[in-house]
Structures are given as C-alpha cells and as structure tokens.
Amino acid sequence: MPFANFKVPAGTLDEKQKEEIVTRTTELYVEIYGERARANTMVLVEEVTDGGWGIGGNVLSLAMLQQSPED
C-alpha cells in the first residue's frame, strides 16, 4: 500500500489545502503505480505543534519560518 506522511506546522494549512495534498499525492501514486493504487493509497497530513520540530539541530518556530530571507 502506498503511504505518504506530510508533517506541517500546526495552523498553516486550511482544510481545502489538506484535501489538495491528499488528492494530488494520491494522483501521483496512481500515475506511478497505475489505477490499482488508488483504493489503497494512504496520505496522512500531521500538524506539528509550534516549536515541535527543527532543522540542523535548531528548534524552529512558525514565526521563524514566516520571516523573509532579508529579515
């Protein structure tokens, strides 16, 4: 069974955007594996609480991500 797990900062996606991730990811798997994959493709969109993740050993916050590169 194809499986995709998206972890996103909590509160950054609305329901329509989450639905689009599920739909487009499923379509991608169908494109790759054929129609038989549609019924068995699982897509999980998980919201991670602010400060609950990091990159390169540094904890990141939503405010840090929303800053433009020039900030």
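Guide: Welcome! Two rings of Phe, Tyr or Trp count as a pair if their centres lie within 6.5 Å. This model is predicted, and it holds one aromatic pair.

Visitor: What makes Tyr29 and Tyr33 a stacked pair?

Guide: Their ring centres are 6.1 Å apart, and the limit for a pair is 6.5 Å. Planes under 30 degrees apart count as stacked; the planes of Tyr29 and Tyr33 stand at 25 degrees, so this pair is stacked.

Visitor: Where do Tyr29 and Tyr33 lie?

Guide: Both are in helix H1, four residues apart, which is about one turn of the helix.

Visitor: Why is Tyr29 called buried?

Guide: Buried means under 20% relative accessible area. Tyr29 has 18%, so the word fits.

Visitor: And why is Tyr33 called partly exposed?

Guide: Partly exposed covers the range between under 20% and over 50%. Tyr33 has 42% relative accessibility, so it belongs there.

Visitor: How do you know that Gly11 is exposed?

Guide: Exposed means over 50%, and Gly11 reaches 68% relative accessibility, so it counts as exposed. You can find Gly11 in the loop between strand S1 (3-9) and helix H1 (15-33). Its C-alpha atom is 9.1 Å from that of Asp50, 39 residues apart along the chain.

Visitor: Which residues make the nonpolar surface patch?

Guide: Met1, Phe3, Met42 and Leu44 make this patch of about 430 Å². Leu44 is found in strand S2 (residues 42-48).

Visitor: Why is Leu44 called partly exposed?

Guide: Leu44 has 35% relative accessibility, so it counts as partly exposed. Patch residues need over 30% relative accessible area, and Leu44, at 35%, meets that cut-off.

Definitions and conventions: Residues are numbered from 1 along each chain as its sequence is written. This is a predicted model: local features need pLDDT of at least 70, side-chain atom pairs count only at pLDDT 80 or more; totals for chains, interfaces and linings use all residues. Side-chain values use heavy atoms; hydrogens and water are left out. Patches are made of residues with over 30% relative accessible area and no salt bridge: like charges are joined within 9 Å, nonpolar side chains (Val, Leu, Ile, Met, Phe, Trp, Tyr) within 5 Å. Accessible areas come from the Shrake-Rupley method with a 1.4 Å probe; for residues, only the protein chains shown count as cover. A salt bridge is a side-chain nitrogen of Lys or Arg within 4 Å of a carboxyl oxygen of Asp or Glu. Helices (H or I, at least four residues) and strands (E, at least two) are DSSP runs, numbered from the N terminus. Buried means under 20% relative accessible area, exposed over 50%, partly exposed in between (1.4 Å probe, protein chains only). Rings of Phe, Tyr and Trp (its six-membered ring) pair if their centres lie within 6.5 Å; planes under 30 degrees apart count as stacked, over 60 as edge-to-face and the rest as tilted.
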